[in-house]
Amino acid sequence: MKKDIQIGYEHFTSISELTETEKLLFEKAKQARENGYAPYSNFLVGCSVLLENGEIYTGNNQENAAFPSGLCAERTALFWIGANFPNEIIKKIFIIGGPRDFSEKTPPIPPCGACRQSLMEYETKQNENIDIYFSNLNEEVFKVNSIKDLLPFYFDSTFL
């Protein structure tokens, strides 16, 4: 029996369509992106994370000459939050990525595979979905309501 997988998402052509909180997350991710350390790939990524307590934290990618010792923006932020606020619920994460010399053709950049798996771990740990937004500097935004929409054949601790 063939079963199609449906991926739920929303598409916004401008941040003007977002809530004030989402606009703030966009701006924080954009600022974090500017502080990324990407001398090898020249591909900058920033993210902002909203916790249930209302606090917002950011992360950016950090490259290293000893590949693959660097770390993506999403995992930089998630791991810092996990280390410092292990019991806080993550509500939203907003990601902006693209080449340092951004072009009009740069699409919204979703999380990489390793970041998707890390987001799955946090969703599983907190037993609550995380809204995930990914965008470009042109303000085009995609939103999914769970990492399961970007990682439909996921692996988590329920399989152990």
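Follow the protein chain along its sequence and you read off β-α-β-β-α-β-α-β-β. That adds up to three helices and six strands, in what is a predicted model. As for the overall build, the radius of gyration is 15 Å, close to the 15 Å that the globule rule gives for 160 residues, so the protein chain is as compact as a globular protein of that length. Its C-alpha trace spans about 45 × 35 × 35 Å along the principal axes.

How do the contacts run along the sequence? Take the contacts between residues at least 6 apart in sequence: 66% of them join residues at least 24 apart. Buried residues account for 43% of the 160 in the protein chain.

Now step inside. The largest nonpolar core has 22 residues, and Val49, Ile90, Ile93 and Ile132 are the ones with the most contacts inside it. At least two residues of this core come from each of β2 (43-51), α2 (73-84), β4 (90-99), α3 (113-126) and β5 (131-135). Ile90 is a handy place to stop and look around: leaving aside residues up to four places away in sequence, it touches Val49, Leu50, Leu51, Leu78, Ile81, Tyr122, Gln126, Asn129 and Ile130. There's also a second, separate core of eleven residues, with Leu25, Phe26, Leu50 and Ile96 among them.

Back out on the surface, the accessible area comes to about 8,700 Å², and carbon and sulfur atoms hold 52% of that. On the charge side, the protein chain carries 22 negative and 15 positive side chains, and the centres of those two sets sit 3 Å apart.

Technical notes: Residues numbered from 1 in each chain as written. Predicted model: local features only at pLDDT ≥ 70, side-chain atom pairs only at ≥ 80, totals over all residues. Heavy atoms only, no water. Helix = DSSP H or I, 4+ residues; strand = E, 2+ residues; numbered from the N terminus. Rg over C-alpha atoms; globule rule 2.2 N^0.38 Å. Buried < 20%, exposed > 50% of the residue type's maximum accessible area, 1.4 Å probe, protein only. Contact = heavy atoms within 4.5 Å. Areas by Shrake-Rupley, 256 points an atom, 1.4 Å probe, with all protein chains shown as cover. Lys, Arg positive; Asp, Glu negative; His and termini not counted. Charge placed at Lys NZ, Arg CZ, Asp CG, Glu CD. Core = buried A, V, L, I, M, F, W, Y, C linked by side-chain atoms within 4.5 Å.
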